[in-house]
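Reader: Hi! Could you walk me through this one with me? I'd like to start with how its helices touch.
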Amino acid sequence: MASTSSKPVLEDEVDYEGLPTGTSLGINMLAGAMAGISEHAVMFPVDSIKTRMQVFTAAPGGSTYSGVANAFSRISSTEGLRALWRGVASVIMGAGPAHAVHFGAYEFVKELAGGNKPGHQPIATAIAGAAATTANDALMNPFDVIKQRMQIHNSQFRSVFTCARTVYKNEGLAAFYVSYPTTITMTIPFTAVQFTVYEYFKEVLNPSGVYSPLTHVASGAAAGAVAAAVTTPLDVAKTLLQTRGTSADPEIRHARGMGDAFRIIWKRNGIKGFSRGLTPRVLTHMPSNALSWLSYEFFKVFIKERTL
């Protein structure tokens with residue numbers, strides 16, 4: 001009796017990983033948009049601290065923050081907690097469409113490259129991840145520039161549109177893309193590592209492919225931590241380029257690309273300069289990546305079930 005009564009339960013069990021196999025591009029993009037907004041909004045205060053720690057002479061008195069706790073304490077006591085949320089509107093505006101393109105491109109290229117075949121397909125997922133981030137960053141880069149201009153200490157900007165107009169008026173359209181080559185150089189390996197690690201852990205932790213939110217959380221967190229750590233030096237260079245227009249330092253203001261950024265960082269801080277903001281960057285990407293993948297997988301299934 002026990003064996004016969006348990007059979008229907010097994011037959012009714014949801015094959016969570018199998019549901020999206022034939023999912024349309026539109027569903028993948030909508031799920032990605034929802035995941036992107038959730039990811040960036042929740043972790044924004046930690047991202048603000050990361051930006052403050054990476055910008056040279058960003059803290060009050062010209063000194064740098066000694067750590068995440070120190071940055072949080074000083075910012076909240078001198079500027080108020082609202083300062084940690086300054087610029088979040090830019091991220092929300094950009095994250096939706098950018099992540100829609102990101103996940104849509106990922107699923108499309110992954111299918112073309114054979115990433116949906118049985119077993120772990122690291123090359124296919126890495127190629128898909130690189131294609132996804134190239135498209136994502138083309139849309140997100142201007143919003144990221146605005147975000148960081150609003151995050152820094154003593155920022156004059158309180159409105160996304162005011163910031164965009166001022167940057168365009170004073171520095172031209174190029175200011176929104178001066179960091180794009182550095183961003184691509186950083187995010188292609190970041191995303192390739194992220195997707196590869198995620199798919200690996202997902203396969204190891206949940207080989208049966210049944211519904212398992214914990215698998216997405218654990219795999220996403222691990223992928224985010226590894227990818228964030230190995231690409232921090234490039235993120236420091238990107239922040240320098242994206243905030244150069246607010247600096248009083250002529251050398252920083254006239255930095256023209258990744259090479260100039262690297263030279264300035266090495267000159268000012270040596271090898272340690274390339275790890276500025278490492279802790280908050282990892283702390284940001286672990287939960288945000290976990291939330292992003294959890295949200296993405298959930299919304300993908302949720303939306304598909306309601307369109308069947």
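Author: Happy to! Contact here means heavy atoms within 4.5 Å. Bear in mind that this is a predicted model.

Reader: Good. Which residues in helix 6 meet helix 10?
Author: From helix 6 they are Asn141, Asp144, Val145, Gln148 and Arg149, and they meet Lys238, Thr239 and Gln242 in helix 10. By type, the residues of this contact divide into one nonpolar, four polar and three charged.

Reader: And at what angle do the axes of helix 6 and helix 10 cross?
Author: At roughly 75°, and the axes come within 9 Å. Angles of 65 to 115 degrees count as roughly perpendicular, so helix 6 is roughly perpendicular to helix 10.

Reader: Nice. Switching topic: how many aromatic pairs are there?
Author: The structure holds eight aromatic pairs. One of them joins tyrosine 106 and phenylalanine 195: the ring centres are 3.8 Å apart and the planes are at 10°, so this pair is stacked.

Reader: Where do tyrosine 106 and phenylalanine 195 lie?
Author: Tyrosine 106 is in helix 5 and phenylalanine 195 is in helix 8, so the pair ties together parts 89 residues apart in sequence.

Reader: Last topic, pockets. What volume does the second largest pocket have?
Author: About 460 Å³. It is lined by 25 residues, and the closest to its centre are Ile152, Thr243, Thr246, Ser247 and Ala248.

Reader: Which helix gives the most to that lining?
Author: Helix 7 does, with four residues. Helix 11 (250-253) also gives two or more residues.

Reader: And what is the mix of residue types in the lining?
Author: The lining of the second largest pocket has nine nonpolar, eleven polar and five charged residues.

Technical notes:
Residues numbered from 1 in each chain as written. Predicted model: local features only at pLDDT ≥ 70, side-chain atom pairs only at ≥ 80, totals over all residues. Heavy atoms only, no water. 1 Å grid on protein atoms, 1.4 Å probe; cavity = no way out; pocket = protein on both sides within 12 Å on 5 of 7 lines; lining within 4 Å. Points joined across faces, edges and corners; volume = space filled by probe spheres on them. Nonpolar A, V, L, I, M, F, W, Y, C, P; charged D, E, K, R; others polar. Axes fitted to C-alpha atoms, helices over the stretch in contact; angles between N-to-C directions. Parallel < 35°, antiparallel > 145°, perpendicular 65-115°, else oblique. Phe/Tyr/Trp six-rings, centres within 6.5 Å; stacked < 30°, edge-to-face > 60°.
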